[in-house]
Amino acid sequence: MPLTFCGLDDFEEGLLPLLRHFLTSLKAPERQSWQYAYKIAAERWGEVLGLRVAQALFKLIDRAVKARGEPLEFLDPLAPDERGFVTRDEFSILRMLHHMRRDETPMAREAVALVTGDTMDPEVIRAGLSFAHRFPVGLPQRAAAPSPLRLVE
């Protein structure tokens, strides 16, 4: 599905490459793709906010994979031609966060069911709600430019 059809905000779309790198790390730990996720997050939102976003997202992804009991389908994070598309599983996770961040409970429940394979795992719900609480709608879209260093005498 094209990413533009998903109805996500810029922040949520920015989570997609992190999501893919974390899923790659869980599938092939030797690739250490998680490092790219943290780097992308720090570049996108600044170190303080970005690293918190990445850590909270990883907790959610890890719990979702465990709850599902089978691998989630995802696209290659390093393939430029796939950046504008999402799989059903990627969309389900992003949609779940989208609705949780807006406190849209019925829609969030449906998305949780898709993410967990209908198990409604409390750990996934807790991780998703924690993410939504820490990074609500209206969060700054980009990191503020660092102030220039000056010599103080």
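Start by selecting Ser92, Ile93, Arg95, Met96, His99 and Met100 in helix 4, then add Met107, Ala108, Glu110, Ala111, Val112, Leu114 and Val115 in helix 5: these two groups meet each other. Contact here means heavy atoms within 4.5 Å. Helices are DSSP runs (H or I, at least four residues), numbered from the N terminus, while strands are runs of E of at least two. Colour the selection by class and you get 9 nonpolar, 2 polar and 2 charged residues. For that count, Ala, Val, Leu, Ile, Met, Phe, Trp, Tyr, Cys and Pro are nonpolar, Asp, Glu, Lys and Arg are charged, and the others, Gly among them, are polar.

A word on what you're looking at: this is a predicted model, where local features need pLDDT of at least 70, side-chain atom pairs count only at pLDDT 80 or more, and totals for chains, interfaces and linings use all residues. Residues are numbered from 1 along each chain as its sequence is written, and side-chain values use heavy atoms, with hydrogens and water left out.

**Still at helix 4 and helix 5**

Now show all of helix 4, residues 88-101, alongside helix 5. Their axes come within 8 Å and cross at roughly 155°. Axes are lines fitted to C-alpha atoms, for helices over the stretch in contact, and the angles run from 0 to 180 degrees between N-to-C directions. That crossing makes helix 4 roughly antiparallel to helix 5. The cut-offs are under 35 degrees for roughly parallel, over 145 for roughly antiparallel, 65 to 115 for roughly perpendicular, and oblique for the rest. Helix 4 passes helix 5 in a left-handed crossing. Left-handed means the near helix is turned anticlockwise from the far one by less than a right angle; clockwise would be right-handed.

**Next: helix 3 against helix 5**

Keep helix 5 (residues 105-116) on screen and add helix 3 (residues 47-68). This pair packs at about 65°, with axes 8 Å apart. Helix 3 is therefore roughly perpendicular to helix 5. To see where they touch, pick Ala64, Ala67 and Arg68 of helix 3 and Leu114, Val115 and Thr116 of helix 5. This contact holds 4 nonpolar residues, 1 polar and 1 charged.

**Over to helix 1 and helix 2**

Select residues 10-27 for helix 1 and 34-45 for helix 2. Their axes come within 7 Å, crossing at roughly 160°, so helix 1 and helix 2 are roughly antiparallel to each other. The crossing of helix 1 over helix 2 is left-handed.

Which residues of helix 1 and helix 2 meet? On the helix 1 side, click through Asp10, Phe11, Gly14, Leu15, Pro17, Leu18, His21, Phe22 and Ser25; on the helix 2 side, Trp34, Tyr36, Ala37, Tyr38, Ile40, Ala41, Arg44 and Trp45. By class, that's 12 nonpolar, 3 polar and 2 charged residues.

While you're in helix 2, stop at Ala42. Beyond its neighbours within four places in sequence, Ala42 is in contact with Glu47, Gly50 and Leu51. Try a distance label from Ala42 to Ala54 as well: they sit 12 residues apart in sequence, and their C-alpha atoms are 8.5 Å apart.

**Two loop stops**

Look at the loop between helix 1 and helix 2 and you'll find Gln32. Its phi is near 50°, a positive value in a residue other than glycine. Most residues other than glycine have a negative phi. Gln32 is partly exposed, with a relative accessible area of 39%. On this scale buried is under 20% relative accessible area, exposed is over 50%, and partly exposed lies in between (1.4 Å probe, protein chains only).

Now jump to the loop between helix 5 and helix 6, where Met120 sits. Met120 also has a positive phi near 50°, and at 31% relative accessibility Met120 counts as partly exposed.

**On to helix 6**

Select residues 122-134 for helix 6 and pick out Glu123. Glu123 is partly exposed, at 35% relative accessible area. Then add Lys59: the C-alpha atoms of Glu123 and Lys59 are 9.5 Å apart, with their positions 64 residues apart along the chain.

**Zoom out**

How many helices and strands does the protein chain have? There are 6 helices and 0 strands, giving the pattern α-α-α-α-α-α along the sequence. The C-alpha trace spans about 65 × 35 × 30 Å along its principal axes. Of the 153 residues, 44% count as buried. Among contacts with a separation of 6 or more, 67% join residues 24 or more positions apart.
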